[in-house]
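Okay, thanks for having me, everyone. I'd like to walk you through one model today, so let me put it up on the screen.

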There are 2 protein chains.
Amino acid sequence: MSNQDNRPLTLRDVSEASGVSEMTVSRVLRNRGDVSDATRARVLASAKELGYVPNKIAGALASSRVNLVAVIIPSLSNLVFPEVMTGISDALDDTGLQPVVGVTGYSREKEEKVLYEMLSWRPSGVIIAGLEHSEASRAMLKASGIPVVEIMDVDGTPVDSVVGISHRRAGEQMAREILRSGYQRIGFLGTKMPRDHRARKRFEGFTEALAKAGVEIADQEFYEGGSALIKGREMTQDILKRDPELDFLYYSNDMIGAGGLLWLHEQGVDIPGQMGLAGFNGLNLLKGLPRQLATMDACRNEIGRRAAEIISARVADDADPSPVRIALEPTISYGDTLRRP
Amino acid sequence: MSNQDNRPLTLRDVSEASGVSEMTVSRVLRNRGDVSDATRARVLASAKELGYVPNKIAGALASSRVNLVAVIIPSLSNLVFPEVMTGISDALDDTGLQPVVGVTGYSREKEEKVLYEMLSWRPSGVIIAGLEHSEASRAMLKASGIPVVEIMDVDGTPVDSVVGISHRRAGEQMAREILRSGYQRIGFLGTKMPRDHRARKRFEGFTEALAKAGVEIADQEFYEGGSALIKGREMTQDILKRDPELDFLYYSNDMIGAGGLLWLHEQGVDIPGQMGLAGFNGLNLLKGLPRQLATMDACRNEIGRRAAEIISARVADDADPSPVRIALEPTISYGDTLRRP
DNA sequence: TTGAAAGCGCTAACAC
DNA sequence: GTGTTAGCGCTTTCAA
């Protein structure tokens, strides 16, 4: 079944076993060109019997075609990215392209390294989260000559194509809804944002929209690390101790929002009457909580799908190098924690 | 900065720009062999200026060394696997090895395809979830001649090395704890298990340990798809409607357990007095719920780390082909939903 | 310390 | 339909 020594099998082995030239074997294995049914059958039988697995490294070098799409994201533990990955995988299925994931840990230096590493495999395209990269990273992306899609965020200048939502507008929109619903004394709870540019942009959009209406954030609270659910509880407790007059809490993500919601619920606070709440993301993980948190859908799956489609379209027809810009519209869901105006 | 036409840069370009042979450029870029400081500086400057990114495909073909480790898992949305990935990434950092993820969607056929695809890149090792694979997959793994580590589960016959816990024993242990705490009428709630072998093994271990004590599962309920939190609520409601006499519910994972817990909590059920609950996994996502669900830690991070260490040890010293078997001991945490005996 | 030649395993391009 | 030849861009090996 297997070969005696540990030398991996080559086309040549299959060629000898089946009595056909290497070239014909190659054609059979790739379903290319005309091969008689008899030959095809013979080759496939030999390949299977030997347990031959083609060497894509050699194939890629010879054909300068690599069916990989580099996907570069900050983290896998942040629920959001697995969902994007799902969209990408689904869209890439049956295109012959394969996603390869690299994780940056929200660090620009790590991103640069991961990108360099991935580009050195000469992928057919790159999907990368965010618009903020080091100069070197941007230079590499531009010089690579392959399609690049930046995802999640559209507030900024992309290298090539971009698919995402405007986090700034998402923040603005939520601020307007909150005001429209009659809340007045608004607190903000979120992550420390030195690196999470999207959270920062939402925050900026939020405060600016409030400012336009003459409202200022009454208080704010930031966290880092730890279980988001617990942090949400703790921060909510803290901010309300400091400022019991708050009538709305805007959380920068649904997990801390859920923590706050659970705590307030236990305290018997009237939601959304006495206190309104909203988060961000629409994690359907959270369906099943005692009440549904108001939130905004970040279109994660669709972002992944559209980005992958852009890449595969470019690969199929590289005569179309015009950058695409897709700004999706997140939809607000009121849940049970935001008074309908 | 970049080249005029779209031809990717090669060693030759750097060689010409720096006036040194390709071979010397190659040595500089890989930090191999003796190169004078002057030459090194000149080469690095040229490479940087041109924006040269080495072609690993050619490098791998020439050296037959590939610094990739294939990681094959069923899913990314199941919280569990990102945690394993984190363990793997951490252990692989600074070894020069890079994990590459493939996702099977719990399907053997897909697993076979993904494995074939990954092996065709001639990785330095394979980490693959579970012990149940198609015959063809097992054959490929054996024939590959590279280190293979099967993870998560140790109940079965590995191809090579294995790192995990015994899910059968985990089920048994939980059954014993429940009986020891004095619960008598026990219900089981879980996923439909045609493909989740680990959930199945826990279930089997659980029922067998009960049987040994002369106890039978009083009722059971299975689900598939949808938000686990909601499913947990619904299933709990359903099973108790059918059988209100139950005094313990064992859930096959913490998410449905949390759903059940929330619902029972809302109904004012006395937990763990009137009703005991336990899940499986120790997702620290869930810290912050009104009460802490009893559960068992599946050692996910450590599994990833240990598996990666096995691979990197083999790569560093391939004179050590003896398979390793690591069975970790999951620890039970009582939380607030299992009476201490 | 540096360079030249050969070849990794495959496929493009062309010949038959 | 099938085979032959010439590389793909690197690294190994050996010579200088």
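I'll start with the domains of chain A, go on to the two DNA strands, and end with a pocket.

Just so we're clear, this is a predicted model. Chain A is split into domain 1, residues 11-54, domain 2, which is 63-162 plus 307-316, and domain 3, 167-298. If you take the C-alpha centres of domain 1 and domain 3 in chain A, they sit 62 Å apart.

Okay, DNA strand C. There are 23 residues around that strand, and the nearest ones are A:L11, A:S26, A:Y52, A:R65 and B:T39. Of the strand C atoms that come within 4 Å of the protein, 67% are sugar and phosphate. On the phosphate side, A:R65 has a polar side-chain atom 2.5 Å from a phosphate oxygen of strand C, and B:T39 also places a polar side-chain atom 2.5 Å from a phosphate oxygen of that strand. What about the bases? Here a polar backbone atom of B:A62 lies 3.2 Å from a base oxygen of strand C.

Which helix gives the largest share of the surface near strand C? That's helix 4 of chain A, with 4 residues. By class, that surface has 10 nonpolar, 9 polar and 4 charged residues.

Now DNA strand D. Again we have 23 residues around the strand, with A:T39, B:M23, B:S26, B:Y52 and B:R65 coming nearest. Sugar and phosphate make up 65% of the strand D atoms within 4 Å of the protein. A:S21 puts a polar side-chain atom 2.9 Å from a phosphate oxygen of strand D. For base oxygens of strand D, look at the backbone: an N or O atom of A:L61 is at 3.4 Å, and one of A:A62 is at 3.2 Å. Helices 2 (22-30) and 4 (56-63), in chain A and in chain B, each give two or more residues to the surface near strand D. Helix 4 of chain B gives the most, 4 residues.

Last stop, the second largest pocket. How much space does that pocket hold? About 1,300 Å³. Its lining has 42 residues, and closest to the centre are A:S75, A:S77, A:N78, A:Y106 and A:Y223. Among the elements giving two or more residues to the lining are helix 9 (197-212) and helix 10 (228-242) of chain A, and helix 5 (80-92) of chain B. The lining divides into 18 nonpolar, 15 polar and 9 charged residues.

That's what I had, thanks.

Definitions and conventions:
Residues numbered from 1 in each chain as written. Chains lettered and ligands numbered in written order. Predicted model: local features only at pLDDT ≥ 70, side-chain atom pairs only at ≥ 80, totals over all residues. Heavy atoms only, no water. Domains from an automatic or database assignment. Near = heavy atom within 4 Å. Polar contact = N/O pair within 3.5 Å; in protein donor to acceptor, adjacent residues only side chain to side chain. 1 Å grid on protein atoms, 1.4 Å probe; cavity = no way out; pocket = protein on both sides within 12 Å on 5 of 7 lines; lining within 4 Å. Points joined across faces, edges and corners; volume = space filled by probe spheres on them. Nonpolar A, V, L, I, M, F, W, Y, C, P; charged D, E, K, R; others polar.
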